Amino acid sequence: MTEQQPHSSGTHQDWQRRAAALPLPAAHLIDGRGEPGGGDTFAVVSPRDGRPLTTVASAGEAEVDAAVAAARRAFDHGPWPRLAPADRGRALRALAGLVERHRAELALLISLEMGKPVTEAYDIEMRAVATTFRWYGELADKLADEAPHTPGDALALVTREPVGVVAAVVPWNFPLTMAAWKVAPALAAGCTVVLKPAEQSPLSALRLGALAVEAGLPPGVLNVVAGAGPVAGRALGLHPDVDALAFTGSTEVGRHFLRYAADSNLKRVWLELGGKSPNIVLPDAPDLDKAAATAAWGIFFNQGEMCTAPSRLLVHRSIADRVVDAVAERARTLRIGDPLDPATEMGPLVTAAHRERVLGHIAAAHEDGARLRAGGGTALPETGGHYLRPTVFDRVDPGARLAREEVFGPVLAVLEFDTVEEAVALANDSDYGLAAGLWTSDLSAAHRISRALRAGTVWVNCYEEGDLTVPFGGVKQSGHGRDKSAHALDKYTDLKTTWIQL
Ligand code: NAD
């Protein structure tokens, strides 16, 4: 990792030079080989300037069939599920090593395709990806099955069996982290995988697939198909030979996957969906400046394109002016710019269409009577990129669209409250339940309120903290699966009972 460090602090020119010389992948990875497909392609447009970067093969049903067949063969007849877990672990750790060696290249692909600042892709996303493959590689041979206490004339075994062929369908906002959170535990469990990245961000995933082959994963163990959601994603959802499907994306598309499963083989479907996470600031927060700075960082990080973004700031009326002034000031000073410039703090939104959608949410907030405190419009029009100013609205009504709908962009809704009970009721008044933040110095209040919040993760006096030891996922319409930690293996294994009469 250290040998790569200089790239992270490289200049704007360094990154531009590297980008110009970067080979861009174009073919699917099926059965261990690059597969150009039947001729259909789609353009990948860079959000930094709105210009096409390249074209990539677009999978139809035939390519999805071929990828699933390869994964099926590798599962039913190949070595992978039968390997000693230590050997699977070694291959995953080799992949982690290759990801580290190609860290700058993968970070650039991510930054170019979806617009996050390359330094964040390098420092945050690529670190997470390598750590995930290494963590599950290390876990692979540390698992044990159960032998329950039985009568003396019987022996019972409860063993974890790999579920089979797993399809992983992921979004573009953290293209490789979301992929790694599914692919690494599924492979560690002995499953084989077909990964479908979002059509906005296929390049980094296709490159990861090639590195998996280089790391020694047998053919068919990891396949990567690029393609449109309603075509390739749907084909995976309906495929009779896919045993489990792990999805991260919008709640709307999550509903499709449940239907696909019902209409096909009842494959189990794991959903990690959207959010509208509350971030509660009580007057006894240990450090109000830090609470305000973290609220701003949280909503603007990754252009606000975060499922966990603390997009509802619930602040006690007595401190609202101080906190909101600080957040709005940060919004005004945040440096928007070319994601390849290390000085950039916020890049462009992923597509022109997505920016239009976010502008629609801003228009709705005005119509619903909220007060604009910062931002509210586009930026850097001369670049052709999809830039948007970090935006803060206060006086947002709890019934307003901005308080209820996921924006998935850098737009904060501020709501005020007078009592803790009111704050908890506001926080839970949402279809979503992915995450929540809470700022208080009162230990009892921290525990009491955390328990009362309906969310998969509660962060107290911090936000977006954690590591691979803790599970991640939502409740309510934010989904139900859990990525990360040893619990992720539950999605990719079946429990088998063997009862032996002695
Ligand atoms: P999306 O739901 O539009 O797309 C996600 C994936 O589904 C893509 O690969 C896409 O090609 C595919 N897809 C789209 N339509 C499909 C269809 N009809 N059938 C089958 N597949 C289809 O989401 P997005 O725009 O890529 O990402 C943004 C969403 O993802 C937000 O709602 C965000 O909250 C959510 N997200 C959730 C988490 C989490 O862990 N809970 C993490 C990141 C993003």
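This text walks through a two-domain chain and the boundary between its domains.

Start with confidence. The model is predicted. Its average pLDDT is 97, and 98% of the residues score at least 70. The weak spot is at the start of the chain. Residues 1-6 have a pLDDT below 50. In the model, this stretch still has eleven contacts beyond near neighbours in sequence. Where pLDDT is low, predicted coordinates should not be read in detail. Treat those eleven contacts of residues 1-6 in that light.

Now the layout. The domain assignment places domain 1 at residues 12-273. Domain 2 covers residues 278-473. Their C-alpha centres are 30 Å apart.

How many residues of each domain are in contact with the other? The count is 32 from domain 1 and 32 from domain 2. An interface is often sized by the accessible area lost when its parts come together. Here about 2,500 Å² is buried between domain 1 and domain 2. Carbon and sulfur atoms give 64% of that area. Three residues stand out on the domain 1 side: His 12, Arg 48 and Trp 172. Together they supply 22% of the area that domain 1 buries against domain 2, more than any other three residues.

Arg 48 has a second role in this account. Its side chain meets that of Asp 338 in a salt bridge, at 2.8 Å from N to O. The count of salt bridges between the two domains is one. Polar contacts between domain 1 and domain 2 involve nine residue pairs.

Which elements give two or more residues to the side of domain 1 that touches domain 2? They are helix 2 (12-20), helix 5 (103-114) and helix 6 (118-139). Helix 6 gives the most, with eight residues. By type, the residues on this side of domain 1 comprise 15 nonpolar, twelve polar and five charged.

Technical notes: Residues numbered from 1 in each chain as written. Predicted model: local features only at pLDDT ≥ 70, side-chain atom pairs only at ≥ 80, totals over all residues. Heavy atoms only, no water. pLDDT = per-residue confidence, 0-100. Contact = heavy atoms within 4.5 Å. Domains from an automatic or database assignment. Buried area = accessible area lost by both parts, 1.4 Å probe. Salt bridge = Lys/Arg side-chain N within 4 Å of Asp/Glu carboxyl O. Polar contact = N/O pair within 3.5 Å; in protein donor to acceptor, adjacent residues only side chain to side chain. Helix = DSSP H or I, 4+ residues; strand = E, 2+ residues; numbered from the N terminus. Nonpolar A, V, L, I, M, F, W, Y, C, P; charged D, E, K, R; others polar.
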